[in-house]
Amino acid sequence: MHRNDEKRFYRILRELENNPHVRELERYRQHRGNTAFRHCCGVAEASFRMAQRFGWRVDERALARGAMLHDYHLYTRQHIHINPLRHLIEHPRRACSNAERVFTLSGKEKNIIRSHMWPLTLFHVPRSREAFLVMLADKWCALREMRTRHEN
Ligand SMILES: [Fe+2]
Ligand SMILES: [Fe+2]
């Protein structure tokens, strides 16, 4: 049985976490004040842990990049005039187009970002294990974050 390369996953993730474009996520808040940066790091780690638990072989690079950029929409919802439901449905598209300005994304990476709100994003269905894991880990992390108040 093939095993995931944990070292490779975390090396790619740490590189992303140090990328100044990715660090822009620190400026935006979501889920009771948590920064989008911390949320995306949490989703990346949770999605890899889930892959390990399910025994699923994944593409470490696509998983790290897709997870870290899945909420790269670069705004705090409360600071702009956007209907909350519209935000839920539309932010994956915005995250993907922002991310494409900075990174060259593979088709799989784009689908991870575009489908992470599925089933709300009807036509953007997770088409890979990696996309399915990020979709699941995002919901799990969001619920966990909403139970705590994040001050800084
Ligand atoms: Fe999102
Ligand atoms: Fe998210």
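Student: How many helices and strands are there in the chain, and what makes something count as one?

Tutor: The chain has seven helices and two strands. Both are DSSP runs numbered from the N terminus: H or I over at least four residues for a helix, E over at least two for a strand. Reading from the N terminus, you get α-α-β-β-α-α-α-α-α. Mind that this is a predicted model, in which local features need pLDDT of at least 70 and side-chain atom pairs count only at pLDDT 80 or more, while totals for chains, interfaces and linings use all residues. Residues are numbered from 1 along each chain as its sequence is written, and chains are lettered from A and ligands numbered from 1 in the order in which they are written.

Student: Why is the chain called as compact as a globular protein of its length?

Tutor: Set its radius of gyration, taken over C-alpha atoms, against the globule rule, 2.2 Å times the number of residues to the power 0.38. The chain comes out at 14 Å and the rule gives 15 Å for 152 residues; those are close, so the chain is as compact as a globular protein of that length. The C-alpha trace spans about 50 × 35 × 30 Å along its principal axes.

Student: What makes α4 "largely enclosed"?

Tutor: A residue is buried if 20 or more other C-beta atoms, placed from the backbone, lie within 10 Å of its own, exposed if 12 or fewer, and partly exposed in between. In α4 (residues 60-69), nine of the 10 residues are buried, so the rest of the structure largely encloses this helix. Over the 152 residues of the chain, 36% count as buried. The cover over the buried residues of α4 includes α1, α2, α3, α5, α6 and α7.

Student: How do you know which residues of α4 and α7 make the contact?

Tutor: Contact needs C-beta atoms, placed from the backbone, within 7 Å. The two helices pack at about 35° with axes 10 Å apart (lines fitted to C-alpha atoms, for helices over the stretch in contact, with angles from 0 to 180 degrees between N-to-C directions). Ala62, Leu63, Gly66 and Ala67 of α4 meet Glu130, Ala131, Leu133 and Val134 of α7.

Student: What about the axes of α4 and α6?

Tutor: Those come within 8 Å and cross at roughly 35°. Ala62, Arg65, Gly66 and Leu69 of α4 meet Lys108, Glu109, Ile112 and Ile113 of α6.

Student: What makes a set of residues a nonpolar core, and which members touch the most others in the largest one?

Tutor: The set must be buried Ala, Val, Leu, Ile, Met, Phe, Trp, Tyr and Cys residues joined through C-beta atoms within 7 Å. The largest has 32 residues, and Cys40, Ala44, Leu63, Ala64, Ala67, Met68 and Val134 touch the most other members. At least two residues of this core come from each of α1, α3, α4, α5, α6 and α7. Beyond four places in sequence, Cys40 touches Leu25, Ala67, Met68, His70 and Asp71.

Student: Is Trp118 buried, exposed or partly exposed, and how do you know?

Tutor: Its count is 18 other C-beta atoms within 10 Å, under the 20 for buried and over the 12 for exposed, so Trp118 is partly exposed. Trp118 sits in the loop between α6 (107-114) and α7 (129-146). Neighbours within four places aside, Trp118 is in contact with His124, Val125, Pro126 and Met135.

Conventions. Contact = placed C-beta atoms within 7 Å.
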